[in-house]
Amino acid sequence: KSRDVSGFSTLFTISPEPVLLFANRIDIRQVLPHRSEYTLLLNNLENAIALDFHHSEELVFWSDVTLDRIMRASLNGSNVEEVVSTGLESPGGLAIDWIHNKLYWTDSGTSRIEVANLDGTQRKVLLWQRMEKPRAIALKIYWTDWGNMPCIEYANMDGTNRKIIADTHLFWPNGLTIDYASHRIYWVDAKHHVIERADLDGKNRKAVISLPHPFAITVFEDSLYWTDWHTKSINSANKFTGKNQEVIRNKLHFPMDIHTLHPQRQPAGGRNRCGSNNGGCSHLCLPSNKTYTCACPTGFRKVDHYNCAQSLDKFLLFTRRTDIRRISFDNEDKLDDVIPLADIRNAVALDWDSSERYIYWTDVTTDSINRAKWDGSKQEVVVDTSLESPAGLAIDWLTHKLYWTDAGTDRIEVSNTDGSMRTVLIWENLDRPRDIVVDPIGGFMYWTDWGANPKIERAGMDASNRTVIISTNLTWPNGLAIDYSTERLYWADASIKTIEYGNFDGSGRQVLIGSQLPHPFGLTLHEDRIYWTDWQSKSIQSADKLTGLDRRTLAENLENLMDIHMFHHHRTKVQTPCSVNNGGCSHLCLLAPAPKASSCACPTGINLQADGKTCTHAMNSFLVFARRTDIRMISLDIPYFADVVLPVSVSMKNTIAIGVDAVEGKVYWSDSTLKKISRANINGSEYEDIISAGLMTTDGLAVDSVGRKIYWTDTGTNRIEVANLNGSMRKVLVWQNLDSPRAIALFHEMGYMYWTDWGEHAKLERSSMDGSDRVVLINNNLGWPNGLAVDRAGSQLLWADAHTERIEASDLNGSNRRTLVSPVQHPYGLTLLGPHMYWTDWQSRSIHRADKDTGANTITVRSNLPGLMDIQAVDRASSLGFNKCGRRNGGCSHLCLPRHNVTSCACPTGILLKSDGRSCDNLPETFLLFSNRVSVRRISLDTNDHTDVYVPVPELHNVISLDYDSVERKLYYTDVSLDVIRRVNLDGSNMETVISQGLKTTDGLAVDWVARNMYWTDTGRNTIEVAHLDGTSRKVLVNNSLDEPRAIAVFPSKG
């Protein structure tokens, strides 16, 4: 039962026996009629129906009516790929032209017959008029149609010369095959339970056999083979008499299409009408009787006898939730064609820009704004953060800006067409805004709003001069369109079922169409016509834009129709104030109505300076918060709350704690899945990991902007640590009696740090910032104390507890405790700025604000934010205070840390301070070195915290044995994955390989520090060897009677 292709060719040469290839819904199989051989070709299919093959190219093609795709694979079952994946509804028949290498198929859902190259390119609708439910197809084109007027038809392979060859006594004409040898056509009719035959022109029609429910049929030499749905079998009979009926295979899953796989069915001798150079055609060359026709892909204009236009000039674009289609106006066919785009879930709004031939669309399921070239190439996401329901979209084609409405956030926003420099234009008094259109010539934008008080509004494209222009007789104002030539605004109302127009100021209102409009949605104008989509009639229609008469239907039977636009190259181009030097603006130049004509704007969260042209460098006061997979900021400089993502080019897995350095404006964060602490600038640049070893779950993090240090808690290692802002000179400060330390807050001026511990006995503690003077401030009535903040101005501590559901305050010693807010659902992060406190809440998925002294005036800052973690407020303008360690690092060689009223010098973990109280060595005096395969660590015996510290050795794969040469202070180690012996300084520098050959499994290593040699055991080679420390003069010492030598030690003074 080999699946080898070569098996076919031998089979053909020995015997004329054919192989039957058939589709079985869930798989494609082959069977030999006169033997029991039965092999699987392709399985795990959804719903394979139609089938054909290309013998010389060794390809099989099939259609899947569940996936609505046409697929192909090699005849040995490998290289499965999609050929046609868009715009199919029920592709029930397919046929291969093996001479001209074309694929023809029928679709009873779209009522079309199409043709394309074998890879699906240059697809063309060939026949679509007077077509109902085409099914079986055979070349040169014959097809069955089981619509209301069942028939069998014929046409040339370029679609010309169409004829009906049978239209009587047919009901469900299913299968069809051509007997090329005897110039006959055979077909089956499942309702009449019969196989019939006729001459190729339909004459001499005759019934051959009557059967239960035949579906597909094929012929080979003197036999007919067919599949039957009723008996679930493949049968055969004599093609002349209908006698000698046999069951070839029964008990099948669901036999569908069937073909005889044999070179005789695709004789190689046929003449290629297109010759070697594609007939001189630029696109498709289709055979037609004895000659050929040059044809163009659907919608493309034919320039001359041989050539098609390279692109479309004018086409109607429309969205349909799960796809975006176009109807070309370059030729007469007016056929809709799917633009090949990926992952469209719920496309609603549309617009286009002819200068770069981009189309733009919004998707309200993925909450994104996207764009691609007109042909589907270069698809990309433009905006995909902080969108909730972007239902309207408009392009300012003069300054290349994107305007959109969001019915979820109730905002109108603008950005550059690539999504950069996004800002909020209108955030007040919007209630379900929908469509938006812009008039860059006049400088106005217009939008519909179908909230509680439906209205149509207009404002300058810079949000100035906002006015309501229509507010009566509106219920569901949907589509909007501007007629630039007559300076009118058109709109559709789906509830009143009208299309109306008025002047730009709302005056002169008229109903254009007031009948037979069940549910108009999208609207567009072009030249003298208006086009619209209708949800209920599932159609696209047009009418005269001035009279509403001469109505025509362009397309019907289209579900989920949304927005509609006419793409063309004749939008008015004029000079704008923004086209010279960006209007003098540092960031966004927005058009505006005369006399101003333009104004400058800044990206979300940043203010314009007094000159009205330049934006401030960055946000001054803002919130930064973590959301597991991203970090966002909310500016407090502006009159609305909008979050922007920290644009850092790294993927975050589980970002929890956040700290901000107010001096350099850097954000620091911990990721408990990646087990790292990282930092980046607020604009996303200069990203780096500062701590990437020895972390487990870093729940709390605080930046001392004054003292230039970072502090963090780790509930996995149960430690509180400090380091310089670049991660150097790391030191464990607190390691005893910690259960689950979480939030940490600093008070540099007082020299104190505070932290919460939500372990079994929840508590709030304080110590000096060097870890000394530790005291428990509060240890009763606490459950999950998550957030913690120090109010320096009010000399108080604030904390949020998710178990007691309270935000509480006390003085800096833990006394005078009082409740500020209760109940709160599940607070996590807590921070202070000015008179307010801000906190994140897991349950409400929101950021809230209240007065920090009374807990009153609670508001929700932003909602709909799952995964909220830590939050920090920053005010870069406020004075930071005096750095106690500012002069000469407090006289310290390493770390200078604040204590109450004084400072103290400290050394990195494991190193003792010298007797001068100021300086440190770079290494401990006495320490253990150990390896755990992927890292080498040290534990100092000089200090009593016994913390393991990573030795930063590069490229460790599987370190087994190690030793230390205290003379040159070098670490020697073996790596049994790389099969090397290496040495390195304890700071990770000067790593070198000393032995790189002839090692198998070096399990033991010992350094002779006197004679400067090293000894090692090799369990793989059962030897003990020696060499100089640099790897020279290597020699085998012992190589007999060793079984598995492992540990080795030397005693040089005894030899």
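**Figure 1. The loop holding Pro 823 in the predicted model.** This is a predicted model. Pro 823 sits in the loop that runs between β71 (818-821) and β72 (827-833). The peptide bond leading from Ser 822 into Pro 823 is cis. Its omega is near -5°. Most peptide bonds are trans.

**Figure 2. The loop between β51 and β52.** Strands β51 (588-591) and β52 (598-601) flank the loop that contains Pro 595. Ala 594 and Pro 595 are joined by a cis peptide bond, with omega about 5°. Ala 597 belongs to the loop between β51 and β52. Ala 597 is not a glycine, yet its phi is positive, at about 70°. Most residues other than glycine have a negative phi. With a relative accessible area of 25%, Ala 597 is partly exposed.

**Figure 3. Met 729 and its backbone.** Met 729 lies in the loop linking β62 (719-724) and β63 (731-734). Its phi is positive, about 50°, although Met 729 is not a glycine. Relative accessibility is 29%, so Met 729 counts as partly exposed.

**Figure 4. Ser 368 and its surroundings.** Ser 368 is placed in strand β32 (residues 368-373). Ser 368 is buried, with a relative accessible area of 4%. Its side chain makes a polar contact of 3.1 Å with the side chain of Asn 370. Beyond neighbours within four places in sequence, Ser 368 is in contact with Trp 361, Thr 362 and Asp 363. Further contacts of Ser 368 include Val 381, Val 383, Asp 384, Leu 387 and Pro 390.

**Figure 5. Val 338 in strand β29.** Strand β29 covers residues 336-338 and includes Val 338. Val 338 has 11% relative accessibility, so it counts as buried. Leaving out residues up to four places away in sequence, Val 338 touches Thr 86 and Gly 87. Val 338 also touches Asp 323, Ile 324 and Arg 325. Ser 420 is 82 residues from Val 338 along the chain, and their C-alpha atoms are 29 Å apart.

**Figure 6. The chain around these views.** The chain has one helix and 89 strands. Its radius of gyration is 39 Å, well over the 31 Å that the globule rule gives for 1055 residues, so the chain is more spread out than a compact globule. The C-alpha trace spans about 115 × 100 × 55 Å along its principal axes. Of the 1055 residues, 58% count as buried. The accessible surface is about 43,000 Å², and 46% of this belongs to carbon and sulfur atoms. The chain carries 111 positive and 127 negative charges, whose mean positions are 2 Å apart.

Note on methods:
Residues are numbered from 1 along each chain as its sequence is written. This is a predicted model: local features need pLDDT of at least 70, side-chain atom pairs count only at pLDDT 80 or more; totals for chains, interfaces and linings use all residues. Side-chain values use heavy atoms; hydrogens and water are left out. Helices (H or I, at least four residues) and strands (E, at least two) are DSSP runs, numbered from the N terminus. The radius of gyration is taken over C-alpha atoms; the globule rule is 2.2 Å times the number of residues to the power 0.38. Buried means under 20% relative accessible area, exposed over 50%, partly exposed in between (1.4 Å probe, protein chains only). Accessible areas come from the Shrake-Rupley method with a 1.4 Å probe; for residues, only the protein chains shown count as cover. Lys and Arg count as positive and Asp and Glu as negative; His and the chain ends are not counted. The place of a charge is taken as NZ of Lys, CZ of Arg, CG of Asp or CD of Glu. Contact means heavy atoms within 4.5 Å. A polar contact is a pair of N or O atoms within 3.5 Å; within protein, one must be able to donate a hydrogen and the other to accept it, and residues adjacent in sequence count only if both atoms are side-chain atoms.
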